[in-house]
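Here are a few exercises to work through with the model open beside you. Try each task before reading its solution.

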Amino acid sequence: MFENIKGNEENKKILSKIINEKKVGHSYMFVGQTGIGKMLFAKEFAKAILCLQEEQCNNCKSCLEFDNNNNPDITIIEKEEDSNVIKIDQIRQMTLKILEKPIISNKKVYIINDSELMNEPAQNSLLKTLEEPPEYATIILITSREDLFLNTIKSRCTKIMFNKLSNEDLKQILKMKYNYENISNNMFLLFDGSVERALNLIDKDKEYEELSNIINNLEKYNVVDVLNLKEKMFKQKEEARGTLDYINLLFYNLVKKDIRYANCMKAAEKAKEKLTKNNNYDMTIDNFLLTIWEELNG
Ligand SMILES: [Zn+2]
């Protein structure tokens, strides 16, 4: 079980033990930031719960149908594409459906992804089922925002905490699963242990490399050069704050060599704040570039 999933080794042990000792509960909450494998764990756990053999076999009717996405005893509930919430109707439907006996397996599993998207009425609707679940049913709530749940929901669930992926694990996943290689170490700081973040940011690697060259050579430019580099450094206005985050990371790496970069970090933070408050874009960025240039050359 879980051989093909990277990271969170401790949870592999916990969940395997639950399966092996046949102590599967009725409700779990998988908590942790997005993009670290909570859904993969939930699916694997569900497959093991539904398996018809003593040990998860990958060969019984339940396992085979599971792998074909055809097992009627597993249901995944997510927000619909055109919606920002998990609708109460989806939950109501689930609470009715769950009363129907399993078809292939002896058990039924419901996974609710991004389950914090249930608003309070939806959560209350689910609560009744959590309080009196059918004996064959297990519900897994996946969430990155435990704080958005009613206490009455939380207290019913066994909580399993998930950690960020290590850079090594993340590197492996990006290589094996997505064919990405030779990603700079700085990028991994931005990925923050999340596959989702990595996939959102990864194509910026080249762009960021250019930026990195500029920042590392700031002292060699004169003031006019620096202002002319603006377009090169900030390719897209809308993403300026992300770019500033990255620049800050580069400064952070340079502080060890030269304490003046600490002030550059402050300037980047300030610029970010101004952009958040919708200050004039060009003025903010020009000011930022002038400030760091002066800091380093003044
Ligand atoms: Zn099986």
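Three exercises follow, on the sheet, its central packing and the metal site.

This is a predicted model, in which local features need pLDDT of at least 70, side-chain atom pairs count only at pLDDT 80 or more, and totals for chains, interfaces and linings use all residues. Residues are numbered from 1 along each chain as its sequence is written, and side-chain values use heavy atoms, with hydrogens and water left out.

**Exercise 1. The sheet**

Work out the order of the strands in the open sheet, and find its edge strands.

Solution.
- Begin with the terms: strands (E, at least two residues) and helices (H or I, at least four residues) are DSSP runs, numbered from the N terminus. Two strands pair if DSSP finds at least two bridges between them.
- Tracing the pairs gives five strands in the order β2-β3-β4-β1-β5, with parallel pairing.
- At the edges are β2 (74-77) and β5 (158-161), each of which pairs on one side only.
- From one strand to the next, the twist averages 20°; axes are lines fitted to C-alpha atoms, for helices over the stretch in contact, and angles run from 0 to 180 degrees between N-to-C directions.
- Check the β2 edge: four bridges join β2 to β3 (residues 108-112), and I74 stands opposite V109.
- Check the other edge: β1 and β5 share four bridges, with Y28 opposite T158.

**Exercise 2. Strand β1 and the helices**

Is β1 largely enclosed or not, and which helices lie across this strand?

Solution.
- Take buried as under 20% relative accessible area, exposed as over 50% and partly exposed as in between (1.4 Å probe, protein chains only).
- Five of the five residues of β1 are buried, so this strand is largely enclosed by the rest of the structure.
- Sort them by face: S27, M29 and V31 lie on one side, Y28 and F30 on the other.
- In general, side chains of a regular strand alternate between the two faces of the sheet.
- Now add the helices, where contact means heavy atoms within 4.5 Å. Helix α2 (residues 38-50) lies across β1 (27-31), β2, β3 and β4 (137-143), at about 170° to β3.
- Helix α5 (residues 120-131) lies across β1, β3 and β4, at about 140° to β4.

**Exercise 3. The zinc ion**

Identify the protein donors of the zinc ion and describe the site's geometry.

Solution.
- Donors are N, O and S atoms within 2.8 Å of the metal (3.2 Å for Na, K and Ca); water is not among the atoms, so sites may look incomplete.
- The search returns the SG atoms of C51, C57, C60 and C63, lying 2.3 Å from the zinc ion.
- Along the chain, these donors follow the spacing C-x5-C-x2-C-x2-C.
- Four donors count as tetrahedral if all angles lie between 85 and 135 degrees. Angles of 104 to 119° make this site tetrahedral.
- Finally, both C57 and C63 are buried.

Note on methods
Tetrahedral: all angles 85-135°; square planar, octahedral: opposite > 155°, others 65-115°.
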